[in-house]
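Biologist: I would like to learn how to read a contact between chains and a set of paired strands. Could you take me through an example?

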Amino acid sequence: MMLRSAPVVALFLTLPLAAQTAADAGQQLYKAHCFVCHGQEGESIPGVNFRSGQLRRASTDEELSRLILNGIPGTGMPPTNLSADERRNLVAFLRAMHDTGATAKGSGDATSGMAVFEGKGGCFNCHRVRGKGSRLGPDLSDIGSLRNAPYLAESLVDPSKTVAPANRFVHVVTKQGTVIDGRRLNEDTHTIQLIDQQERLLSIDKSDLREVTLVKTSAMPSYRDKLSAQEITDLVSYLLSLKESQ
Amino acid sequence: MKKLALLLFPVLLSAQVSFDRLLHTDREPHNWLTYSGSLSGQRYSLLDRITPQNVKNLELKWVFQARSLEKFEATPLVVDGLMYLTEAPNHVFALDAKTGRIFWDYDYHASKDARVCCGSVNRGLAILGDTLFMGTIDGRLIAIDSKSGRPMWNIEVGDPKLGYSVTHAPLVVKDKVIVGVAGGEYGIRGFIAAYDARTGKEVWKFYTVAGPDDPGGKTWDGDSWKNGGSPAWLTGSYDPSLNLIYWGTGNPGPDWNGDDRAGDNLYSDCAVALDADTGKLKWYFQFTPHDEFDYDAVQIPVLVDANWQGRARKLLMWANRNGFFYVLDRETGKFLAGSPYAKINWATGLDEAGRPMRAPNMSPTPAGTLIYPNLFGATNWYSPSYSPRTQLFYIPSWQDSNMTMAKITQKYVPGQRYTGGLPRAANAGRRGTRNTPVEDSAYGSILAMDPRTGQKKWEFKMNDVTDSGVLTTVSDLLFAGGREGYFYALDARTGVELWRASLGGQMEAGPITYSVDGKQYVSIAAGQGLFTFALRE
């Protein structure tokens, strides 16, 4: 957790004093009112990510403030009785969670990174960006909104250290002996949905299987010895530049 | 005319629901007259048309689609062919229980002052005579004419600006309507209160946080009792032979920081037995003294008359959010037995009096402490069931759940959240639209406990956790669901799956069964719909 929260703190220190004061006050409010549901990183609610800087229901500060006051009827988002000043501070903090500073852009060259991605890195073999590349691995078209530089750098050199549950692979063997490997998309008590190496979307009844293994390691190779430090830095900058809205 | 008379037949038959009928729900198993199906809280039905042999022939008969996107936590009532149902937050419907078609609806618009910690939900209604009773998310209690849907009276139970709300189905005892309040995350002072069913006038009120001059008042430090929480946000049970109501109370506030409320914090996390006429406390049993984990004892009290160690005894069975299953004597509150039914690390066990023995260094700290079970508990408010036939107690449980609980210092501000903590990184949190569990993820199960031994008789495991209630029937069927959207019929004796339906939305309510014109139905809310099944004809 610390690895990923550090950039937010660092960013705080770069804010103008008044904005930082507001954001500091907002952080306390966030802990008291928002943390339990939205989490430390502001991404615990599926479909809501404060770090992305984009909120579906509120684009302006005023709209966001109103949303905090009134809640969202029909959802788990309750109204609050925060004052206008408190809401302003909270909005300042939420805006500050959006990475826009140096740590968000990385220190490499994104153009060079793109060349590594598409060439030497062979990333398209498993990943997809804006309609190009394989669908087997996670689509990276919006990865810059979802992950920060340290996380991405770690993923490149030690991909198995943190594998998001949604990116885990499964290895299954049917009762007839057919072996299927793929990225698990969904799973319940009775079924598994996955995308296999031929990019087929398969829904499998567990009662038809004799073996199910959730693979612990990442299917991605480590680039520690395959790319230079500069290439990795550039690649991280390229990945950080990938935001769906662009 | 003959046809018209037949059409009107069910309505003409529907007599007023006297309290005597509520006392003897076993005489009319075709109806579902209270939240738990009876005043004993067993959620057990005497209907026997659906059996382990034919349950595979269940098919969907109708669906009621809610207009609300809020969680659908309601248990319907069924009275002589009519179903009374709420959809969130406070929208009441009268339906034809055979078809799901609507007779009337009453949509109460709650005040914008309403503060609810965990969803603008409603879990159901109570009925007496021709009157329905509904609590509201803005802290009110409303009486509604069951024939027309017109409100009859509407009174304040608690101030919504301070975080008081009523989310559960009221309990009717004699001529009174009894409700407790939610708001344990807003620094309320919790209470249970009884109101005259005809007028809404308050008859008695029992504070679930002892004041400084009350017995138990010394279990709070300084003025901490004023914002001590201890809400009572789920329906209680009633024993007419003792004239006692039983109710579970919630966490002390602030939830995860007990520094300013040294002591046991009575009557938080308790089972309380109250005189039904006066609200006077007969006894209490505290499950989690000085709770720092949000382990509300907000579960349905299940009353069982059974032989206990050689003699007939009036028992109270309780699967608690804190991970222990308890058997108490409900005449006295005496602890008879207790055992864990899930992984626990905050306590090493229970002493002879049933008090938990706290594990060292297992409290929230500023840095955070990993606690089993997590704040959602090993179970929660989801209805358990007890079958007098199998003599097993069925728990919808979360197994192996954990959470890092960190405490913070927080000042009380009226109407604002007052939890004193930052619980995080739960292994059983929301998993989103898609479910991608990993090796140490919590899982859900229906547990069949033998109360006599405290041992698990069987366990039906689900990949995801469950917020579903459990229903058992005289034909030894068990109905329950889970977050994955499957609704199951299990063999209540063995836990073997006999039937399932994929309803596409998680179950966060308790199933019921009823019959109309001799046909047995089973209903459960899932996602945004209420689904009703019956045997294929």
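Modeller: We will look at the contact of two chains and then at some strands. Keep in mind that this is a predicted model.

Biologist: How many residues does the contact take from chain A and from chain B?

Modeller: In general, the size of an interface is often given as the accessible area lost when the parts come together. Here we can count residues instead: 24 come from chain A and 31 from chain B. On the chain A side, helix H2 (17-33), helix H3 (35-38) and strand E4 (179-187) each give two or more residues. The largest share, 4 residues, comes from E4(A).

Biologist: And how do the residues on that side of chain A divide into nonpolar, polar and charged?

Modeller: The side of chain A that touches chain B has 9 nonpolar, 10 polar and 5 charged residues.

Biologist: Now the strands, please. Is strand E17 of chain B mostly covered or mostly open?

Modeller: For burial, we count the other C-beta atoms within 10 Å of a residue's own, and 20 or more make the residue buried. In E17(B), residues 270-275, 5 of the 6 residues are buried, so the strand is mostly covered.

Biologist: Which strands pair with E17(B)?

Modeller: Strand E16 (residues 244-248) of chain B pairs with E17(B) in the antiparallel sense over 5 bridges. There, B:Leu244 stands opposite B:Asp275. Strand E18 (residues 281-286) of chain B also runs antiparallel to E17(B), joined by 5 bridges. In that pair, B:Ala271 has B:Phe285 as its bridge partner.

Biologist: What lies between the strands of the hairpin of E17(B) and E18(B)?

Modeller: There are 5 residues between them, and in this hairpin B:Gly279 takes a positive phi near 80 degrees.

Note on methods: Residues are numbered from 1 along each chain as its sequence is written. Chains are lettered from A and ligands numbered from 1 in the order in which they are written. This is a predicted model: local features need pLDDT of at least 70, side-chain atom pairs count only at pLDDT 80 or more; totals for chains, interfaces and linings use all residues. Two residues are in contact if their C-beta atoms, placed from the backbone, lie within 7 Å. Ala, Val, Leu, Ile, Met, Phe, Trp, Tyr, Cys and Pro count as nonpolar, Asp, Glu, Lys and Arg as charged, and the others, Gly among them, as polar. A residue is buried if 20 or more other C-beta atoms lie within 10 Å of its own, exposed if 12 or fewer, and partly exposed in between; C-beta atoms are placed from the backbone. Two strands pair if DSSP finds at least two bridges between them.
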